[in-house]
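Please read the following explanation alongside the sequence and the coordinates. It goes from side-chain contacts to strands and helices, and ends with the protein as a whole.

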Amino acid sequence: PRPPKCRTYKKVAIVGSGPAGLAAAQQLNRAGHTVTVFERSDRIGGLLTYGIPNMKLDKKKIVDRRVEILRQEGIAFKTNTEVGEGKDVTIEQLKEDFDSVLLAIGALQEREFDIPGRQLDGVHQAMEFLTLSQKSLLDSEMLDGQYIDANDKHVVVIGGGDTAVDCLGTAVRMGATSVLQFSRREEAAPGRSDTNPWPQWGEYFRVDYGHSECNVVQGRDPREYCVKGVEFVPNPKDSSKVGGIRAVRMRWQRDAKTGRSSMVPIEGTRVYPADLVLLAMGFTGPQKGTWSSSNPVGLDQKSGNISAQMGEYKTNIPGVFACGDCRRGASLVVWAIAEGRDAAAMIDEFLMGETVLPRAFPESANPALQPVGSAGKSVHLAPPVPAPPAGFGGGAKSRVQMPMGLSSLMPVPGVAAAEMGRSGW
């Protein structure tokens, strides 16, 4: 643990304890601010805890260990506390009690698949399947039965991303009879094409852990290419449950007028057996209940994500920032960590008038990448952030830092903030 050598009078509330929220909390705490993280689940970690299977990310060795270090450094965590209109606490209340608020709530609004039969039992969103299985594993080593069981079932996963692969691996470990993955894309080429050079994302055939495990267990790769589900078919023995999925084959067809290609169905359908269908079709943005309808956080009209410029992270509500998946859309853990650290620097500057925290975005603001001026000093290229407005968490009061152990209301006579050495981390 590396607790700060001194504390400021500033308090920051972070909503969400995923990688973005935890990264920001660590940085802001080490800058001397008092940080409280609010999490609606019963455990800290967000999707690190309940979204990523334990075989990929060990919760006790990595996540719980890191959270305990953050606790020892002085960060407060409040679990089972949901932020939103009509919830445990509102953003308006957080604004009253804290000098700044950071939204790191992720992008958990799942994309739906509205085809006939969607209401049948056995059709679930992938995150519901993964979350319940992880919670049961952590609570009771799967002994409580409080999860969606794939044992002895024909499982179909719809979607082609990391979440879909995690569903494959989890279903195999539960003892599924068969596991298939539907993809509307064609099977990729074995290597990069000339039109897909590095550093572009490589559009070539990949085998992830879930694919290889399915191959070992059932003797074939689980992927079915150029397939689109058109109807969930009831189980003949119980019409309330899913028993299969009717699907059509697709092919690419080029429009002679526009030159654009699109997938069109090939005549004929096939019914695949399915006792359990998992929808892993991506996310459409953050869940909207976190803010009030009377004072909503601004959203990007195209993406549905919280509108906050990269590198600044300021929302339309003064003193409220946003970072991670809720701002950029569902992405990788490393992106969330980077945005959390960078947002912390901007919040620190918002609160103190300057920041000593390193920047991640834009790259020119990172001390390691800054150009050097004629006097041998780094050139700070990040735009300045105004001091907190009067009336927001008492931010207009002049405050100085305090050595650890002093009262939050006790001034340090004759010692300026810069002299206290805010670089003690």
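Arginine 328 places its charged end over the ring of tryptophan 335, at 4.0 Å from the ring centre. A second arrangement of this kind involves arginine 206, whose charged end sits over the ring of tryptophan 201, 4.1 Å from its centre. Both descriptions refer to a predicted model.

Aromatic rings also pair with one another, and the structure holds four aromatic pairs. One of them is formed by phenylalanine 182 and tyrosine 272: the ring centres are 4.9 Å apart and the planes meet at 70 degrees, so the pair is edge-to-face. The cut-off behind this reasoning is that planes over 60 degrees apart count as edge-to-face. This pair links distant parts of the chain, since phenylalanine 182 belongs to strand β8 (residues 178-182) and tyrosine 272 to strand β12 (residues 261-273), 90 residues apart. Phenylalanine 182 and tyrosine 272 are both buried.

Another edge-to-face pair joins phenylalanine 321 and phenylalanine 350, with 5.4 Å from centre to centre and 70 degrees between the planes. Here too distant parts of the chain are linked: phenylalanine 321 is in strand β14 (residues 320-322) and phenylalanine 350 in helix α9 (residues 333-352), 29 residues apart. Each of the two, phenylalanine 321 and phenylalanine 350, is buried.

Strand β12, which carries tyrosine 272, is also part of a sheet. Three strands make up this open sheet, in the order β10-β11-β12, with antiparallel pairing. Because β10 (227-235) and β12 stand at the edges with a single partner strand each, one side of each is left without a neighbour in the sheet. From one strand to the next, the twist averages 25 degrees. Strand β11 (residues 238-254) is joined to β12 by ten bridges, and these two strands run antiparallel. Within this pairing, methionine 250 has proline 265 in β12 as its bridge partner.

Strand β8, which holds phenylalanine 182, pairs with β7. Which way do β7 and β8 run, parallel or antiparallel? They run parallel, joined by five bridges. Histidine 154 stands opposite serine 178 in β8. Strand β7 (residues 154-158) is mostly covered, with four of its five residues buried.

Strand β8 has a further role as cover for a helix: together with α6 (162-174) and β9 (223-224), it is included in what covers the buried residues of α7. Which residues of helix α7 (residues 209-218) are buried? They are Tyr209, Gly210, His211 and Cys214. Just after α7 comes glycine 219, which takes a positive phi of about 80 degrees.

These elements belong to a protein whose secondary structure comes to nine helices and 15 strands. Of its 425 residues, 46% are buried. Among contacts between residues at least 6 apart in sequence, 62% join residues at least 24 apart. The accessible surface of the protein comes to about 21,200 Å², and 52% of this belongs to carbon and sulfur atoms.

How values were computed: Residues numbered from 1 in each chain as written. Heavy atoms only, no water. Phe/Tyr/Trp six-rings, centres within 6.5 Å; stacked < 30°, edge-to-face > 60°. Buried < 20%, exposed > 50% of the residue type's maximum accessible area, 1.4 Å probe, protein only. Lys NZ or Arg CZ within 6 Å of the ring centre and 35° of its normal. Pairing = 2+ DSSP bridges. Axes fitted to C-alpha atoms, helices over the stretch in contact; angles between N-to-C directions. Contact = heavy atoms within 4.5 Å. Areas by Shrake-Rupley, 256 points an atom, 1.4 Å probe, with all protein chains shown as cover.
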